[in-house]
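Reader: Hello! I would love a close look at a single part of this model, taken slowly and with the numbers kept in. Could you walk me through it?

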Amino acid sequence: MQNFNFHVPTKILFGREKVNEIGKEIKKYGSRVLLTYGGGSVKKIGLYDQVVNQLKENGISFFELSGIKPNPRVTSVRDGVEICRENAIDFILAIGGGSVIDASKAIAAAVNYDGDAWDFPMQKAKVKDPLPLGTVLTLAATGSEMNGNAVISNEETQEKRGMASNALRPKFSVLDPTYTFSVNKYHTAAGTVDIMSHIFENYFAPGNGTFVQDAIAESIMKTCLKYGPIALEEPENYEARANLLWAGSLALNGLTLTGKMMGDWATHGIEHEVSAIYDLTHGAGLAIIHPVWMQYVLTEKTAPKFAQMARNVWNIEEPEDMKAAEDGIKAVRAFFNSLEMPARLSDVDIPGDHFDAMAEKACYFGKIGSFKRLDPKDVYAILDKAL
Ligand code: NZQ
Ligand code: ZN
């Protein structure tokens with residue numbers, strides 16, 4: 001196990017009606033809030049009204065940025081930065097899923113930066129002095145509510161890129177499982193895949209002696225196996241929604257990466273190229289790419305880790321590592337299929353005609369992946385096998 005520092009300063013307010021604590025929390029940081037949300041789900045579920053009441057009751061003035069789309073665009077970020085500057089905003093409150101939270105983080109980073117917001121995802125600028133932000137999460141998936149990452153799309157250049165800074169970790173996040181009751185089957189399934197995929201990215205990575213981290217990762221995978229299907233069938237099952245919600249935060253707050261040099265993250269890099277061009281739901285893209293990546297990087301050397309997952313998560317009793325690994329990968333595919341996620345790019349009408357450019361862009365900053373290093377030829381091969 002490698003040395004590490006682990007510090008997650010985000011305060012989690014978990015459970016029913018926890019939204020009633022946001023006024024008190026926000027007042028620790030500011031009094032002029034930018035309230036950000038997406039296409040209207042927060043109004044349908046009554047969350048918007050609850051939040052507005054809280055702000056009013058606590059004498060907090062607020063301005064709004066609405067209409068943030070899934071795969072959030074840098075144009076929304078620029079709009080938000082303008083509102084913040086014009087109105088001397090000192091706190092951002094994001095209510096919604098990962099897209100709303102990510103756009104809000106990018107706004108927070110850019111308000112006090114003397115350049116364009118797209119500089120951060122392009123790694124041309126480092127986050128300094130961001131506005132503080134808080135979140136009320138409505139979808140179990142990205143972990144954005146407890147990490148410092150944001151993923152932003154640029155329609156003009158057809159790029160989707162991540163930015164990360166510990167300074168962007170939310171000050172607090174409200175996780176009330178009842179807000180996720182209204183998430184439809186497709187996004188519930190995509191969110192479950194995303195959570196599992198975050199676990200895979202740090203689990204299938206170089207390093208050893210991390211028994212406890214692996215055991216946590218395996219528990220989170222089992223949580224998805226147990227509760228994903230229940231949430232699909234019984235959307236208002238509190239236990240299922242609560243377990244998925246907390247699993248999502250734990251899967252990508254840094255916990256499972258502790259003690260390791262790095263995660264793999266090639267699959268996410270490849271999926272981001274797919275959704276950058278085709279605006280596909282992130283989790284649906286991962287359901288296609290992750291099993292293909294697993295098969296592609298499976299060798300005698302990597303087989304033991306895949307076999308470990310097969311045995312500990314899927315209860316596969318095969319003694320031979322390579323055979324167990326293959327059975328484990330088949331089990332992952334079968335589980336994603338059972339969630340009615342797409343299995344191939346052609347299932348979502350994505351053709352192969354941009355694969356060259358996508359492979360180059362995925363490796364824009366150099367080779368990707370750590371379990372196996374991948375160059376553009378490898379990325380092309382993975383996309384081709386996913387067709
Ligand atoms: O726009 P609204 O009306 O809110 O509808 C959203 C959206 O259509 C809807 N939704 C959210 N909560 C709902 C709800 N519908 C009904 N009831 C609710 N309670 O769901 C749709 C998808 O929302 P979105 O925020 O896009 O989903 P998700 O949370 O999966 O976020 C995906 C984005 O996060 C990025 C992805 O690439 C993608 O852009 N990621 C962010 C990461 C991070 N910050 O750490 C890591 C991830 O790997 C990922 O890349
Ligand atoms: Zn993801």
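What follows is a walk around the zinc site and the helices that pack beside it, with a few other places at the end.

Reader: Which protein atoms are the donors of the zinc ion (ligand 2), and how do helix 6, helix 9 and helix 10 pack around that part of the chain?

Author: Happy to! Please keep in mind that this is a predicted model, so every value below is computed from predicted atoms.

Let us start at the metal. The zinc ion (ligand 2) has four protein donors listed: D194 through OD, and H198, H268 and H282 each through NE2. They lie 2.0 to 2.2 Å from the ion. Read along the sequence, the spacing of these donor residues is D-x3-H-x69-H-x13-H. H198 belongs to helix 6 (residues 185–203) and H268 to helix 9, so this pair ties together parts that are 70 residues apart in sequence. Are H198 and H268 buried or exposed? Both of them are buried.

Now for the helices. Two packed helices are described by the angle between their axes and the distance between the axes, and I will use that pair of numbers for each contact.

Take helix 6 and helix 10 to begin with. Their axes are 8 Å apart and the packing angle is about 40°, which makes helix 6 oblique to helix 10. The crossing of helix 6 past helix 10 is left-handed. On the helix 6 side, the residues in contact are Y186, A190, V193, D194, S197, H198, F200 and E201. Their partners in helix 10 are H282, G283, A284, L286, A287, H290 and M294. Sorted by class, this contact has eight nonpolar, five polar and two charged residues. The zinc donors D194, H198 and H282 appear in that contact list.

Helix 9 (residues 266–278) also packs on helix 10 (residues 282–297), at an angle of about 130° and with the axes 9 Å apart. That angle makes helix 9 oblique to helix 10. Here the crossing is right-handed. From helix 9, the residues A266, T267, H268, I270, E271 and H272 meet H282, G285, L286, I289, H290 and W293 of helix 10. By class, there are five nonpolar, six polar and one charged residues in this contact. The donors H268 and H282 are found on the two sides of it. Residues H282, L286 and H290 of helix 10 take part in the contact with helix 9 and also in the contact with helix 6.

Just ahead of helix 9 comes a backbone detail you may enjoy. W265 sits in the loop between helix 8 (238–251) and helix 9. Its phi is near 65°, a positive value in a residue other than glycine. With a relative accessible area of 26%, W265 is partly exposed.

Helix 10 has a further partner in helix 14 (residues 376–386): their axes come within 9 Å and cross at roughly 120°. Helix 10 is therefore oblique to helix 14, and the crossing is right-handed. The helix 10 residues involved are I288, I289, V292, W293 and Y296, and they meet D378, A381, I382, L383, K385 and A386 in helix 14. In terms of class, the contact has nine nonpolar, no polar and two charged residues. I289 and W293 meet helix 14 here, and they also meet helix 9.

To finish, here are a few places in other elements. Q158 has a positive phi of about 55° although it is not a glycine. Q158 is found in the loop between strand 6 (149–154) and strand 7 (159–164), and at 34% relative accessibility it counts as partly exposed. S153 is in strand 6 and counts as buried, at 6% relative accessibility. Beyond its neighbours within four places in sequence, S153 is in contact with N71, P72, R73, V74, W118, E159 and K160.

K43 lies in helix 2 (residues 41–44) and is partly exposed at 45% relative accessibility. Not counting residues up to four places away in sequence, K43 touches Y37 and Y48. The C-alpha atoms of K43 and P229 are separated by 27 Å, and these residues are 186 residues apart along the chain.

How values were computed:
Residues are numbered from 1 along each chain as its sequence is written. Chains are lettered from A and ligands numbered from 1 in the order in which they are written. This is a predicted model: local features need pLDDT of at least 70, side-chain atom pairs count only at pLDDT 80 or more; totals for chains, interfaces and linings use all residues. Side-chain values use heavy atoms; hydrogens and water are left out. Axes are lines fitted to C-alpha atoms, for helices over the stretch in contact, and angles run from 0 to 180 degrees between N-to-C directions. Helices (H or I, at least four residues) and strands (E, at least two) are DSSP runs, numbered from the N terminus. Angles under 35 degrees count as roughly parallel, over 145 as roughly antiparallel, 65 to 115 as roughly perpendicular and the rest as oblique. A crossing is left-handed if the near helix is turned anticlockwise from the far one by less than a right angle, and right-handed if clockwise. Contact means heavy atoms within 4.5 Å. Ala, Val, Leu, Ile, Met, Phe, Trp, Tyr, Cys and Pro count as nonpolar, Asp, Glu, Lys and Arg as charged, and the others, Gly among them, as polar. Donors are N, O and S atoms within 2.8 Å of the metal (3.2 Å for Na, K and Ca); water is not among the atoms, so sites may look incomplete. Buried means under 20% relative accessible area, exposed over 50%, partly exposed in between (1.4 Å probe, protein chains only).
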